[in-house]
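User: Please take a close look at one part of this model, the nonpolar patch on its surface. Then set that part against the rest of the chain.

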Amino acid sequence: MKRIIEIITNIFMIPELRRRILFTLGVLIVWRFGIFVPLPGVNMKAFRDLMAELVANFGAVTGYIRFFTGGGGGNLQLSVFSLGIMPYITASIMFSLLIKVVPRLEALAKEGPSGYRKISQYTRYATVPICIFWGVSASIVLIKNNLALNPGFSFIFTSVLCFTAGSMFVMWLGEQITEYGIGNGASLIIMSGIIDGIPAAIMEINKSIDADTLTPDKPLILLLLYLGSIAAIVYITQAQRRIPVQYSKHIRGRHVYGGQRHYLPLRINHAGVMPVIFASTLMMVPYTIGNIAGSTWLGKVFDMSQSGFWYTLLYIVFIFFFSYFWNNLYFRPVEMSDMLKESGSFVPGIRPGHDTALYLQNVMNRITLVEGACLTAIILMPTLSAAALGVSSYVAGFLGGTGILIIVGVGLDIMQKVESHLLMREYDGFMKKGRIKGRR
């Protein structure tokens, strides 16, 4: 406790760090207030009734969207910020993939900060049509469900304008946090939306205890499982496979240069949360289409609420597939081999060039297998916990899944940035030994 108080004191003794933290908190407060600004022209009572029905039938779908739109504490909020940061995240993921397949974007990325500023500008431009598309779709759904007070073109135009303006403002808030605050703004906005649901989960646990549907020892077990999940995710996020690399020796006159050994670190969780996001999205779309179209077999296979055998099996397959897909897209063993060769370095026992690239690729394939297994265990934790402890899927959802991966990843990233400020001014970091490694 004494060390924690000392670290907090050191943090607020640094003017720049104190200013960045307070700015970040202020922007997040502004965003949270915007969540409760209602969308004009909508029958809110009918909307809340519809949301109650959707949560009962499409619990996992609404929960997944709730994480990104910020309505984590209850039913989805139909506000001007309803689209949240999700359109910007979609555009960012799209350009992250395009960088590796479009030569012009790849060339821009290799230019450094100036190239990434240009790519960020393209990402903002792409966010606008995504907002318009989702805004039009949401407006049509509201009209079809008789939720619009004055249905027609004027309602669609007003709704799309509010949705787009709100989402672009949230994107701007995220960029302000990234530039003037601490951490990645978009990730912080998503994390705050997830954390917002924790009080509602605690209240649900208390109601279950009062109703004698949950024994008093179950909350303690849930707390221990939650802390264990966080510890496991931190360990996986920080874990590395260190490949030894040797510098070649150079003799100049009577002196020998080089010959030192260092390590090439490869993260175990190289893809981060991206395989889970891709797999969740892919599983959500067919299920939603199947239920809307009235298809019984699609509804059974992609059952998000029941998490049946076929759903679980396909989910695991997609997680492994996207883990290999993302790592093969971003991990370039040939380029790494060429860089080692040009710097006069080599992996002991491996010939430089093609053999080194093949060795690195084989190592990454094995790492990806472990990564996929760890992500699968984290994703299945809520389902297994809900079945074993008899709690709702909403409460058990905080024990694993996309939410806890984002919380831990963003938390580590913020701690790494705060620690860098502390060490720069010769203060102690969070740990006496070792340093916190942020996300990629």
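Analyst: The patch comes first, then the chain, the strands and the cysteines.

This is a predicted model, in which local features need pLDDT of at least 70, side-chain atom pairs count only at pLDDT 80 or more, and totals for chains, interfaces and linings use all residues. Residues are numbered from 1 along each chain as its sequence is written, and side-chain values use heavy atoms, with hydrogens and water left out.

The nonpolar surface patch consists of Ile4, Ile8, Phe12, Leu22 and Leu25. Together they have about 460 Å² of accessible area (Shrake-Rupley method, 1.4 Å probe; for residues, only the protein chains shown count as cover). Patch residues have over 30% relative accessible area and no salt bridge (a side-chain nitrogen of Lys or Arg within 4 Å of a carboxyl oxygen of Asp or Glu). Nonpolar side chains (Val, Leu, Ile, Met, Phe, Trp, Tyr) are joined within 5 Å, like charges within 9 Å.

Two helices, α1 (2–13) and α2 (15–34), each supply at least two of the patch residues. The largest share, 3 residues, comes from α1. Helices are DSSP runs of H or I with at least four residues, strands are runs of E with at least two, and both are numbered from the N terminus. Ile8 lies in α1. Ile8 counts as partly exposed because its relative accessible area is 44% (buried is under 20%, exposed over 50%, partly exposed in between; 1.4 Å probe, protein chains only).

Now the whole chain. Its secondary structure comes to 18 helices and 5 strands. Of its 440 residues, 45% count as buried. The accessible surface is about 23,200 Å², with 66% belonging to carbon and sulfur atoms. Take contacts (heavy atoms within 4.5 Å) between residues at least 6 apart in sequence: 72% join residues at least 24 apart.

Next, the strands. β1 (residues 240–247) pairs with β4 (residues 261–267) in the antiparallel sense over 7 bridges. Pairing requires at least two DSSP bridges between the strands. Arg241 has Leu266 in β4 as its bridge partner. β1 also pairs with β5 (residues 345–346), antiparallel over 2 bridges. There, Gln246 stands opposite Phe346 in β5. In a regular strand, side chains alternate between the two faces of the sheet.

Last, the cysteines. The structure holds 0 disulfides (cysteine sulfur atoms paired within 2.5 Å). Cys131 has 0% relative accessibility, so Cys131 counts as buried. Cys374 is partly exposed because its relative accessible area is 22%.
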